[in-house]
Structure formats: structure tokens, C-alpha cells
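Visitor: I would like to learn how to read salt bridges and surface patches in a model such as this one. Could we go through it together, beginning with a single side chain?

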Amino acid sequence: LPVAVKVTSALTFLATGSFQTATRQLTGISQSAMSNCLAQFLEALQRRAGRYIVFPEIQRGAGAGAASGSASGSALGSNEAAYRNAGNFHSVKMQVVCDAAGAITNVVAKFPGSCPNAAVLENSALARLLEGERPDGAWLLGDGSYPLKPWLMTPIVAPQGPAEERYNALHHAALGVLRRTLAHLRLRFRCLDPARGGGPLQYAP
């Protein structure tokens, strides 16, 4: 098959969040060809990702949050229990950071669904960066599942007085950018939102 057909077939599959059978019907190739195209495309993408895919630098007021992508239990093997999240389904925890405009600047998607949000952050390269020589003015907003840090602003659990209540209100409004970004991701990639009919991943995480 021509490279253009392989690339467009793989991109169609990834962009629609559909299954290979439905995607190959759109592109007019066989199921086996669709499977081969996807495997070849992903392998080539992984080889070149470090050279061509670069996240923007951390911006002021970036938001940090988490989403869970569902995963098929049959693909988890002996680690099945670790991937069972609080919602009682198998998932991969995904940490997402975006800037004030909603542009995603950092993603971590390698921890099982039972892993707490704070643990994902603590074990990420982003935390090591911010704990070290933090870029000037760089700080994050996180919800109550994250610990308060010099570079991570979280809500006040029991606000005392108008000033702290206003802080919480502004914090909630600012973090709304991240909530909308995650909502857009779930709309585009249905496996990230099993609660609304998304199907499980058909591949091992």
C-alpha cells in the first residue's frame, strides 16, 4: 500500500476513536491491511516522536489533572488488580497538564488505574523539573487530590473568611480550563470515557 494510504488509515483510526473494522471500511482497505497499517504507523511514530513531537514550555498558571482511559481486563495479565480503579473498571491513569489557553503541555499515561493522582505526579519528570531549577514563574493548579507544594496550588479545604473563599472561587474558575480540555479529549477519544459509552482499549496498556 502507498505510504499515504497507511498514514491516513492510521490517523483516521486514532482520530475517530472507532474500531479497525469501521475505519477500514472508510478507507477501503482490508482488515488485515488496516491492522498492518496501524502497527507500522505507530512503530514509526514512536521512533520519530522524540525528534518531531515537543510539548510547549510550561506556562504560568498551568493546570494539572487526571483522566482514566479504560483497558480490557484480558490484556492485563497478573497486574489485573492494579488496573482496577475506584470506579471498579480497568483503566490506565493519565495525567494531563495544560496552559491557560487549554494547550496541552505535558502528559503522563503509564500508571495503572488504581494509582493515586498525587503518586503519578510525584513520579513524573514534571515534578522533578519543578522541584529543581523551576522555570521562572512556572506553577501549577491542581484539585484536592494533589498535595500543596510551592509550585502547586490546591484548593483550601476549609476556607476561613472572604479572602480564602475568593481564592477557592478563582482557583475553581482557573482550573475550569483543564476540565474543558479533558472533556474535549474524552469526546475525541471515546476509550477515555467509558461512562458515556466508550469502549475499552483493544491493546495492552
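Guide: Let us begin with E131, which counts as partly exposed because its relative accessible area is 47%. Please keep in mind throughout that this is a predicted model.

Visitor: With which residue does K149 form a salt bridge whose closest N and O atoms are 3.5 Å apart?

Guide: The general idea is that side chains of opposite charge can pair when their charged atoms come close. Here the partner of K149 is E131, with 3.5 Å between the closest N and O atoms. K149 lies in the loop between β4 and β5, whereas E131 belongs to helix α5 (residues 125–131), so the pair ties together parts that are 18 residues apart in sequence.

Visitor: Is K149 buried or exposed?

Guide: K149 counts as buried, because its relative accessibility is 19% and the cut-off for that class is under 20%.

Visitor: Which other side chain meets K149 in a salt bridge?

Guide: That side chain is E122, and the N to O distance is 2.9 Å. Since E122 lies in helix α4 (residues 117–122) and K149 in the loop between β4 (140–141) and β5 (152–153), this pair ties together parts that are 27 residues apart in sequence. E122 itself is partly exposed, with a relative accessible area of 37%. Taken together, E122, E131 and K149 are linked in a network of salt bridges.

Visitor: How many salt bridges does the structure hold?

Guide: There are three, and one of them joins the side chains of R47 and E43 at 2.2 Å, N to O. Both of these residues lie in helix α3, four residues apart, which is about one turn of the helix. R47 is partly exposed at 48% relative accessible area, and E43 is partly exposed at 39%.

Visitor: Which residues form a nonpolar patch on the surface?

Guide: The patch consists of L42, L45, Y52 and I53, which together have about 390 Å² of accessible area. L45 lies in helix α3 (residues 31–52), and L42 is found in helix α3. L45 is partly exposed at 36% relative accessibility, as L42 is at 32%. L42 also lies 8.1 Å from A10, C-alpha to C-alpha, although 32 residues separate them in sequence.

Visitor: Where does pLDDT stay under 50?

Guide: It does so over residues 66–74, for which the model has 39 contacts beyond four places in sequence. Where pLDDT is low, the predicted coordinates should not be read in detail. For the chain, the mean pLDDT is 78, and 76% of its residues reach 70 or more.

Definitions and conventions: Residues numbered from 1 in each chain as written. Predicted model: local features only at pLDDT ≥ 70, side-chain atom pairs only at ≥ 80, totals over all residues. Heavy atoms only, no water. Patch = residues over 30% accessible without salt bridge, like charges linked within 9 Å, V, L, I, M, F, W, Y side chains within 5 Å. Areas by Shrake-Rupley, 256 points an atom, 1.4 Å probe, with all protein chains shown as cover. Salt bridge = Lys/Arg side-chain N within 4 Å of Asp/Glu carboxyl O. Helix = DSSP H or I, 4+ residues; strand = E, 2+ residues; numbered from the N terminus. Buried < 20%, exposed > 50% of the residue type's maximum accessible area, 1.4 Å probe, protein only. pLDDT = per-residue confidence, 0-100. Contact = heavy atoms within 4.5 Å.
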